[in-house]
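The exercises below ask you to read a single protein chain from its overall form down to one residue. Work through each task with the coordinates open before turning to its solution.

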Amino acid sequence: MSVQTVCIASLTPAVLKIYPAYQAFFPGFYKALAEFHPVKLLDLPDIWVRDFLPVQNSQTGELFQLGFNPRYANYTPKFTAEINAAVKRLFPVQKCAVQIDGGNIVREPDGTVFCFESRKIFRKGIAGEQAQKEAVLKHALGISKVVWLAREQGDKINHIDGFMQFIGNTLFVSDERFDPYLKGLLLQRLGQVFQVLPHIEVRFLPCVPEASDKSGLSARGIYVNFLETSRAVFVPQYNLPQDKAVLAIIKTATDKPVVGIDCAEVSRYGGAVHCLTKEYN
């Protein structure tokens with residue numbers, strides 16, 4: 001695998017106005033990434049670059065801009081338009097007519113892509129709509145199969161990278177077995193995965209929701225939002241008792257260096273390492 005370039009948002013006034021904790025977080029984050037990769041700093045109005053930066057076709061290397069138009073947090077129509085305009089200035093992209101955030105796309109090593117269902121992507125019962133959206137997404141990503149996992153009713157963000165990630169033949173899943181409703185949904189989703197990948201190994205990572213979070217947006221305690229690159233695995237740490245155990249679990253699945261990233265404060269804005277980065281070959 002070629003050495004990837006990792007993109008992150010730079011410390012712009014627009015970013016710091018919305019996410020002041022990003023200023024203290026940024027130096028250590030940049031240093032950790034730069035030890036293994038070229039890091040490209042982008043002048044953007046938002047830090048969650050995974051969601052809106054273009055996806056890369058795994059076969060051709062072409063860049064495609066997904067339809068980014070979220071309905072949560074501080075994404076007003078004006079703010080969303082500013083983000084999309086910034087991306088067009090920075091990247092030569094082709095348009096992909098599927099409305100899906102990059103955080104709702106997880107790819108396993110052999111190329112199957114997993115996403116949560118969403119009515120903004122396709123509506124069930126509309127003849128041919130799902131197949132049409134799948135065809136467009138497959139073309140943009142350069143893959144042959146898209147699997148839609150059951151969505152959680154009431155989930156404000158609906159991003160699959162807070163639920164699952166792959167390292168090789170190991171699927172890491174956010175452990176939601178503590179809640180009876182979520183346990184049932186977890187088993188349903190895993191059943192869907194096993195239908196496609198019957199020999200996959202599953203390991204659970206702790207999920208420690210922040211009790212004081214009234215917005216429902218905090219990602220603090222969601223360890224599965226890690227980033228595997230061509231050279232390392234970067235894992236969120238939250239100053240919680242589970243931090244070291246998570247690093248140990250992930251180390252069992254890879255020979256790459258496993259690097260902890262302190263996300264205790266920045267995660268309260270709604271994401272962690274995976275959300276904050278976008279890697280390109």
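Throughout these exercises, contact means heavy atoms within 4.5 Å. The model is a predicted one.

**Exercise 1.** Determine which residues Thr170 touches, leaving out residues up to four places away in sequence, and whether Thr170 is buried or exposed.

*Solution.* Begin with the secondary structure, where Thr170 is found in strand β10, which covers residues 170-174. Next, apply the contact criterion while skipping residues up to four places away in sequence, which gives Gln165, Ile200, Glu201, Arg203 and Ala253 as the residues that Thr170 touches. Then turn to accessibility: buried means under 20% relative accessible area, and Thr170 counts as buried because its relative accessibility is 7%. Finally, compare sequence with space by taking Ile143 as a reference, which is 27 residues from Thr170 in sequence and 20 Å from it in space, C-alpha to C-alpha.

**Exercise 2.** Describe the overall form of the protein chain, and explain why it counts as being as compact as a globular protein of that length.

*Solution.* First list the elements, which come to 7 helices and 15 strands in the protein chain. The radius of gyration is 18 Å, close to the 19 Å that the globule rule gives for 281 residues, and the chain is therefore as compact as a globular protein of that length. The C-alpha trace spans about 50 × 40 × 40 Å along its principal axes. As for the interior, 54% of the 281 residues are buried. Of the contacts between residues at least 6 apart in sequence, 72% join residues at least 24 apart. The exposed area of the chain is about 12700 Å², with carbon and sulfur atoms supplying 53% of it.

**Exercise 3.** Locate the largest nonpolar core, and identify which element gives the largest share of it.

*Solution.* The largest nonpolar core has 58 residues, and those with the most contacts inside it are Tyr22, Ile47, Leu53, Phe226, Phe234, Ile250 and Ile261. Elements that give two or more residues to this core include β1 (5-9), α2 (22-34), α4 (77-90) and β14 (258-262). Among the contributors, α2 gives the largest share, with 6 residues. To see how one member is placed, take Leu53 and leave aside its neighbours within four places in sequence: its contacts are then Cys7, Leu42, Leu44, Gln65, Val87, Phe91, Lys278 and Tyr280. A second, separate core has 17 residues, including Val55, Phe64, Ile100 and Ile143.

Conventions:
Residues numbered from 1 in each chain as written. Predicted model: local features only at pLDDT ≥ 70, side-chain atom pairs only at ≥ 80, totals over all residues. Heavy atoms only, no water. Helix = DSSP H or I, 4+ residues; strand = E, 2+ residues; numbered from the N terminus. Rg over C-alpha atoms; globule rule 2.2 N^0.38 Å. Buried < 20%, exposed > 50% of the residue type's maximum accessible area, 1.4 Å probe, protein only. Areas by Shrake-Rupley, 256 points an atom, 1.4 Å probe, with all protein chains shown as cover. Core = buried A, V, L, I, M, F, W, Y, C linked by side-chain atoms within 4.5 Å.
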